[in-house]
Amino acid sequence: MGTEYGYESRCLLRDGRPWFPVMGEMHYSRYREALWEESLRKMKAGGVEIVSAYVIWIHHEEEEGVFDFTGCRNLKGFLEACRKVGILVFLRLGPWVHGEVRNGGFPDWVREKGKGGVMLRSDDPAYLSLVRRYWERVYEQAKGFLHEDGGPVIGIQIENEYGHVGGLKGEAGEDHMRTLTAMAKEIGFRAPLYTATGWGGACIGDLLPVMGGYCEAPWDQRVTELEPNANFVFSYERNDAQIACDHHTGEETTFDESRFPFLTAELGGGLQVTSHRRPVAGGKDIGAMSIAKLGSGAALLGYYMYHGGSNPRGKLSTLQESRATGYANDLPEINYDFNAPIRQYGTISDTYREVRLLALFLQEFGGGLAAMEAAVCPDRVRPDDFHTLRLSCRHDGRSGYVFFNNYQRRHKMDGHPGTVLTGICEGGEIKFPPVDIEDGEYGFFPYMLKLGDACLRTALATPLCRLRTNEGDTWVFYGDYVPEVSGRGCPEKGESQGCGTLPGENAVFCWEGDVRADILKLTRKEALSAQKLSLGQDYLILAEDFVWEEEGKVRVTGGADTVIRAFPRLPEESLPGFAECGQEGRFTVYERKTDDNTADVAVSLISRDAEKARYEVAVSYKEKGNRLAGRDTFLKISYSGDRMEIYDGTEKINDHFYTGQEVPLSLGYFGFPERLEIVVYPLEEKAAVFLEKWPKMKDGRACRLDGVTVTEQYR
């Protein structure tokens, strides 16, 4: 009998038990199909259990009646890759998806039928017949991959932002959602879970509502600093009024929240910049926001996007959202990097590392956390209050976690020295040793946590994972908080009892009773590089780039010289290309040295005028790599201007709106071209653009290529 999935009012269920997965959005049609499997393995290694993906109508039926499921549009191939890797799937069927796509995903010909009298996004039979024909072709791709067939697809999302961004409202809107759901099931899209957008007054049609939250709003039409973001405070409020505020003002949710778990399907894994507004989301932004959602009672962390990509080439037009098509924002024609955990060409970001910390924790401890209620304290903190320490507790009356967040994006928070955090228990409060919480810090600590036969009364460190090794269980924690040496004891136990610590023992870990668990403690920096793998037994790997297991081998991305650390010692045959080179504490150190085959790059100015500056980039390879075999060459491009375009011959292969960031370009993604042209367009000093970092101006404008460097990547 297969695994059963469901939900109750507080959490998702797997085989009847609380389940707290991490979900990450990846759009197969925005990434090279030959690289899907590698990217899915990277996502799974980051702790993602579910990949969610829009099925974008205009990508599959740009011309009426002409369907395309080839290349990057090969949905069947993508689902096969998901099954091979062992990752679950949520298909977001639309038919309207938004997703920063032209017409919200509707082909132009569908939009024209709307102008001709067909009432789109309604129960108009003419519209429903179009949706049915499209979904039937999609089902041909998905057939055999649904959960009932033993496949990875456990969830279906119907429509998107329906009643919030377009569509009908009230009972008519609810009825349309029910009509679409019934049609999907009739066609064959049967799954344990059906979801619908829940924020901003959207209609859910009796489906499981999913919520969202972003650390900024690049779709906001203002070009000034926005108000402090409410997603950084603990709150019982699930709705994010900022989402799609360019289309609609936020409204109260349309459903009884007490009936459903708090699920986030669009917790921003980054931000896709617009022409007029270009905030840069970083790891701390996403990390602190995620902590705020966990402490507020979330039972699913679903990130949009988790994997960046590129818009595919259209037959009739470009496929990005734009003002020319009636939307409020101009987006890059190609670039959909999103500053996501995994970037446009599959490179790692600091956000990947932040999210992985939580994902690894949830894989081990998430079931217990999912069933816990949230107690926010104080329950109403304004996001513009930079003085009050933001706190929450999730507990079941016996044990729990205290959450704190002293981070507000682009604002300085007061420090809070000597803070005594408090957990809630049936027998009273559990107090932690005093700790200093500085500006920009966020996290959570456990109390009364069972670790095998031991019970951890309090810890001023955060659990990461459990390692089941041949020598027994080791519990991995991380943190940099160093309280005083025991002797003063727990605040509620008194000086003599010392909270279960032994004389001279550091009170980071305070035990209940005499039994101790084996703990491996990392600094937070070390934990950000930590990855858990299983090869007969569990291993903890510390590495700066991606690490994953594939067919019994450890795959590691890195440069010509790559160093990793492993506990326990890895079998020699599992780590091809690496040699053991030392010991650091409990970790064995391994090094991989590769011949330096770094390409040479030469940049020359072709022309410059008032409208643009054109440059040629010539790449001389010592030896061309093979992206599929694990070797790639990357350019890192720095420029100053409004935007940049990159051409291989006459073909535009990427574009970018200036944010002040270095722009990576995988040469392997494009078959290792030897000559590229980069075009930079000017940014005027008084341009109506919001930038967090402005370039240096000359005579009131910036229009230049500042530098191009080259690196090699191996795995």
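This text leads through a predicted model, starting with its largest pocket and going on to two groups of strands and some backbone details.

The largest pocket has a volume of about 810 Å³. Its lining counts 33 residues, and those closest to the pocket centre are Lys-44, Val-48, Glu-49, Gly-86 and Gln-363. Several elements each supply at least two residues of this lining: strand 3 (17-19), helix 1 (36-45), helix 3 (75-85), helix 8, strand 28 (530-534) and strand 30 (547-550). Of the elements around the pocket, helix 8 gives the most, with seven residues. By residue class, the lining of the largest pocket divides into 15 nonpolar, eight polar and 10 charged residues.

The loop that leads to helix 8 (350-370) starts from strand 14 (335-336) and contains Asn-339. Asn-339 is not a glycine, yet it has a positive phi of about 50 degrees. With a relative accessibility of 8%, Asn-339 counts as buried, because the cut-off for that class is under 20% relative accessible area. A comparable description fits Phe-672, which also has a positive phi, of about 60 degrees, although it is not a glycine. Phe-672 lies in the loop between strand 40 (663-666) and strand 41 (675-681). Its relative accessible area is 7%, so Phe-672 is buried.

Strand 41 also belongs to an open sheet of five strands, whose order is 35-36-41-38-39 and whose pairing is antiparallel. Why is one side of strand 35 and of strand 39 left without a neighbour in the sheet? Strand 35 (600-608) and strand 39 (651-657) stand at the edges, and each has a single partner strand, so one side of each has no neighbour in the sheet. On average, neighbouring strands of this sheet are turned by 20 degrees against each other, with direction ignored. At one end of the order, strand 38 (residues 643-648) pairs with strand 39 in the antiparallel sense over six bridges. Within this pairing, Ile-646 has Asn-654 in strand 39 as its bridge partner.

A second group of strands is built around strand 23. Strand 23 (residues 454-459) is mostly covered, with six of its six residues buried. Strand 22 (residues 442-451) runs antiparallel to strand 23, and four bridges join them. These two strands form a hairpin with two residues between them. In the turn of this hairpin, Gly-452 has a positive phi of about 65 degrees. Strand 23 also pairs with strand 26 (residues 509-511), again in the antiparallel sense, over three bridges. Thr-458 of strand 23 takes part in both pairings: Tyr-447 stands opposite Thr-458, and in strand 26 the bridge partner of Thr-458 is Cys-510.

Two cis peptide bonds complete the backbone details. One joins Tyr-304 and Met-305, with omega at about -15 degrees. Tyr-304 is the last residue of strand 12 (300-304), and Met-305 is found in the loop between this strand and strand 13 (309-310). The other cis bond joins Cys-377 and Pro-378, where omega is also about -15 degrees. Here Cys-377 ends strand 15 (373-377), and Pro-378 is found in the loop that runs between strand 15 and strand 16 (390-395).

Notes: Residues numbered from 1 in each chain as written. Predicted model: local features only at pLDDT ≥ 70, side-chain atom pairs only at ≥ 80, totals over all residues. Heavy atoms only, no water. Buried < 20%, exposed > 50% of the residue type's maximum accessible area, 1.4 Å probe, protein only. Pairing = 2+ DSSP bridges. Axes fitted to C-alpha atoms, helices over the stretch in contact; angles between N-to-C directions. 1 Å grid on protein atoms, 1.4 Å probe; cavity = no way out; pocket = protein on both sides within 12 Å on 5 of 7 lines; lining within 4 Å. Points joined across faces, edges and corners; volume = space filled by probe spheres on them. Nonpolar A, V, L, I, M, F, W, Y, C, P; charged D, E, K, R; others polar.
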